[in-house]
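Colleague: Could you take me closely through one part of this model, namely the open sheet and the elements that pack around it? I would like a connected account rather than a list.

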Amino acid sequence: MKNAIRIGSGLGFYGDNWEPVVASIERGQVQFIASDHLAELTLAILQKDRQRDPALGYARDVVPMLLRLWPLMQPRGVRFVCNAGGLNPMGAALAVRNALAGAGWHPRIAVVSGDDVLSLLQDTGKRFDHMMDGTDVSGVRERLVFGNAYLGAQPIVEALDQGADIVITGRVADAALFLGPLVHGLGWKLADASTPEDFNRLAQGLAVGHLLECSGQGSGGNFGSQGSWQDIPDLAHIGYPIAEVQADGTAMLTKAPDTGGLVNFDTVRQQLLYEVHNPHAYLSPDVVLDMGQITLTDEGHHRVRLTGAQGARPGDQLKVVAGFRDGFKAEVSWGFSWPDAWDKVQAAEATIRSQLKAHKLPFDELFVEYPGLNSAHGPLAPLPPAAELNERAEIWVRMALRTPIKAAADGFGRLFPWMALSGPAYTCGFQGMNSSSELLGIWPTLIPRNRVQARLEILESST
């Protein structure tokens, strides 16, 4: 048990940059790195991997990441927690163990699973209502392909208590990746938390996790409004945020020396409010966080003190993210050049709609947007008058077809090539004519906490 713990941010999503983590390990004096590889839709990506190869289903960047980081972590005693296991945490752990063993390294690796609740969702005797619209899962139950509950920090604490150097989990709440090392290292109560002081410490830890879970976004990345984002220094060499947390929960947010980015009152408060529906009841499996009394004190030199988080006992349900087969998608982009670029795009779009009708291709939706005009803001970006658009040097259009029939998606791209010679003049070319893919819909729901049992396994060394 320590008086203070320094914990650094790892990745913020599958495919993020791990070079800033090197600086945190080498110069940030961290004892732990916690790395979040699972954005909300990442499980859908991993499911497609698993469909192609049952041995996959995990965030494969964890292997090269740890090959890079472990030789830096080992001599400094830095320990690593991540949710890169995705839909296959054991597969991820075995891949990491084998890769590191091949380089002569043999860390103690723990695997946290038990988040897979697909079989429970498929129980026809139970309702699992959609969290947004209240509909029952029965309409998609036969098409479900994964269902994972958001576990809390307790199994991570147990893995670290058992001496794990690397902890690989499936779906856990993002901030729990950080709360686990804090509970372990500072001796906080978690499963047996009962007093206001217990829950307030956990709330501070959860707030720290929330501030660190998005890698560089917590240290000036993705920051600011017009005229302010330009002041963030050296994003090319950004340092990911680090928190030094005291035994009472007081935390100092900072980053490694000689790195880019910015940690100040504004960058920290932006991240604090990121993805928060109710700041007075930020729900997690471990504690309910009330941000209303949080104080951020900017002490300068990339140091912001965090105090005042208040916590309450968590509820008796866990959030679940499930995925179901939801038809197929095909998309094509193409463009036309001046003169009359806008009129040409409109004529080409009308031609495609006519072709869809003539070929009797079944579809549920045809989505149309114009990159560079309204892709970012949709209806919030009114289009200029047609006369002005016709003077543009070029205009592109993207059409995406959603259909329940795979053959219809596969055939969508074949409606376009002939227009290269027989459509409106001066086409800029086509992109994506063979881009059909299966769609996975997301089903967020709740499940009783007592139906979910986390499991912990320590891998035997491969030597």
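Modeller: What follows goes from the sheet to the helices beside it, and then to a separate strand pairing. The model is a predicted one, and what I say should be read with that in mind.

The sheet is open and has 10 strands, in the order β10-β11-β8-β7-β1-β2-β3-β6-β4-β18, and its pairing is mixed. Its edge strands are β10 (295–298) and β18 (455–458), each of which pairs on one side only. On average, and with direction ignored, neighbouring strands of this sheet are turned by 20° against each other. Within that order, strand β2 (residues 32–35) and strand β3 (residues 79–82) run parallel and are joined by 4 bridges; in this pairing Phe-32 stands opposite Arg-79 in β3.

Which elements do the buried residues of α6 pack against? They pack against β2, β3, β4 (109–113), β6 (166–169) and β18, and also against the helix α7 (176–186). The buried residues in question, in helix α6 (residues 154–161), are Pro-155, Ile-156, Val-157, Ala-159 and Leu-160. Just after α6, Gly-163 takes a positive phi of about 90°.

From α7 one can go on to helix α8 (residues 196–212), since these two helices also pack together, at an angle of about 135° and with their axes 8 Å apart. An angle over 145° would count as roughly antiparallel, and α7 and α8 are therefore oblique to each other. Their crossing is right-handed. On the α7 side the contact is made by Phe-178, Leu-179, Leu-182 and Val-183, and on the α8 side by Leu-202, Gly-205, Leu-206, Val-208, Gly-209 and Leu-212. Divided by type, the residues of this contact are 8 nonpolar and 2 polar, with no charged residue.

A second helix pair is formed by helix α3 (residues 62–76) and helix α4 (residues 89–102), whose axes come within 9 Å and cross at roughly 40°. Angles under 35° count as roughly parallel, and α3 and α4 are therefore oblique to each other. Here too the crossing is a right-handed one, as α3 passes α4. Val-62, Val-63, Leu-66, Leu-67 and Trp-70 of α3 make the contact with Ala-95, Val-96, Ala-99 and Leu-100 of α4. The residues of this contact are 9 nonpolar, with no polar and no charged residue.

Helix α3 also contains Arg-76, which is partly exposed, with a relative accessible area of 42%. Leaving aside residues up to four places away in sequence, Arg-76 touches Ile-25 and Glu-26. The C-alpha atoms of Arg-76 and Ile-25 are separated by 8.1 Å, although the two residues are 51 residues apart along the chain.

Finally, there is a strand pairing to set beside the open sheet. Strand β5 (residues 144–149) is joined by 5 bridges to strand β13 (residues 317–337), and these two strands run antiparallel. One position in this pairing can be named: the bridge partner of Gly-147 is Ala-322, in β13. Is β5 enclosed or open to its surroundings? Of its 6 residues, 6 are buried, so β5 is largely enclosed by the rest of the structure.

Note on methods: Residues numbered from 1 in each chain as written. Predicted model: local features only at pLDDT ≥ 70, side-chain atom pairs only at ≥ 80, totals over all residues. Heavy atoms only, no water. Axes fitted to C-alpha atoms, helices over the stretch in contact; angles between N-to-C directions. Parallel < 35°, antiparallel > 145°, perpendicular 65-115°, else oblique. Left-handed = near helix turned anticlockwise from the far one by under 90°. Contact = heavy atoms within 4.5 Å. Nonpolar A, V, L, I, M, F, W, Y, C, P; charged D, E, K, R; others polar. Buried < 20%, exposed > 50% of the residue type's maximum accessible area, 1.4 Å probe, protein only. Pairing = 2+ DSSP bridges.
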